[in-house]
Amino acid sequence: FQVRVVLKYRHCDGNLCIKVTDDVACLLYRTDQAQDVKKIEKFHSQLMRLMVAKESRSSAMETD
């Protein structure tokens with residue numbers, strides 16, 4: 001199961017765009033609202049933390 005996440009910020013427009021795709025479905029969200037930008041940043045950081053934690057668990061299982 002593979003998913004790609006792309007986060008783009010354009011300072012000149014103040015737009016933030018997050019794109020999530022698994023090659024079958026594509027979700028795209030754009031905003032210029034500061035509230036939404038903070039929520040997306042928080043979501044993205046949690047997602048990255050979970051992915052790193054999953055990788056470390058799977059590598060620990062491989063060594064056992």
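Start with the whole chain on screen: of the 64 residues in the protein, 14% are buried. Keep in mind as you look around that this is a predicted model.

**Stop 1: the overall fold.** Colour by secondary structure and you should find 1 helix and 3 strands. Follow the chain along its sequence and the pattern reads β-β-β-α. Now switch on the surface. The accessible surface comes to about 5,700 Å², and carbon and sulfur atoms hold 55% of that area. If you like contact maps, here is one more number: among contacts with a separation of 6 or more, 11% join residues 24 or more positions apart.

**Stop 2: the annotated stretch.** Select residues 13–51. The UniProt record, an unreviewed entry, labels this range "domain: SRP9". What is it built from? Over residues 13–51 the chain is 46% helix and 33% strand. Pick the C-alpha atoms at the two ends of that range, and they sit 30 Å apart.

**Stop 3: a loop with a twist.** Next, select Asp 23. You'll find Asp 23 in the loop that runs between strand 2 (15–21) and strand 3 (26–31). Is Asp 23 buried or exposed? Its relative accessibility is 60%, and exposed means over 50%, so Asp 23 counts as exposed. Check the backbone too: phi of Asp 23 is near 70°, a positive value in a residue other than glycine. For background, most residues other than glycine have a negative phi.

**Stop 4: the second largest pocket.** Select Val 6, Lys 8, Arg 10, Asn 15, Leu 16, Cys 17, Lys 19 and Arg 30, which line the second largest pocket. Strand 1 (4–10) and strand 2 are the elements that each give two or more residues to this lining. Which of the elements gives the most? That is strand 2, with 4 residues. Colour the lining by residue type and you get 3 nonpolar, 1 polar and 4 charged residues. The space inside the second largest pocket is about 160 Å³.

**Stop 5: a histidine on the helix.** Finish by selecting His 44, which lies in helix 1 (residues 34–63). His 44 has a relative accessible area of 19%, and the cut-off for buried is under 20%, so His 44 counts as buried. Which residues does His 44 touch, leaving aside those up to four places away in sequence? Show Val 5 and Leu 7 and you have the answer: His 44 is in contact with both.

Note on methods. Residues numbered from 1 in each chain as written. Predicted model: local features only at pLDDT ≥ 70, side-chain atom pairs only at ≥ 80, totals over all residues. Heavy atoms only, no water. Buried < 20%, exposed > 50% of the residue type's maximum accessible area, 1.4 Å probe, protein only. 1 Å grid on protein atoms, 1.4 Å probe; cavity = no way out; pocket = protein on both sides within 12 Å on 5 of 7 lines; lining within 4 Å. Points joined across faces, edges and corners; volume = space filled by probe spheres on them. Nonpolar A, V, L, I, M, F, W, Y, C, P; charged D, E, K, R; others polar. Contact = heavy atoms within 4.5 Å. UniProt positions renumbered as here; feature names shortened; annotations may be inferred. Areas by Shrake-Rupley, 256 points an atom, 1.4 Å probe, with all protein chains shown as cover.
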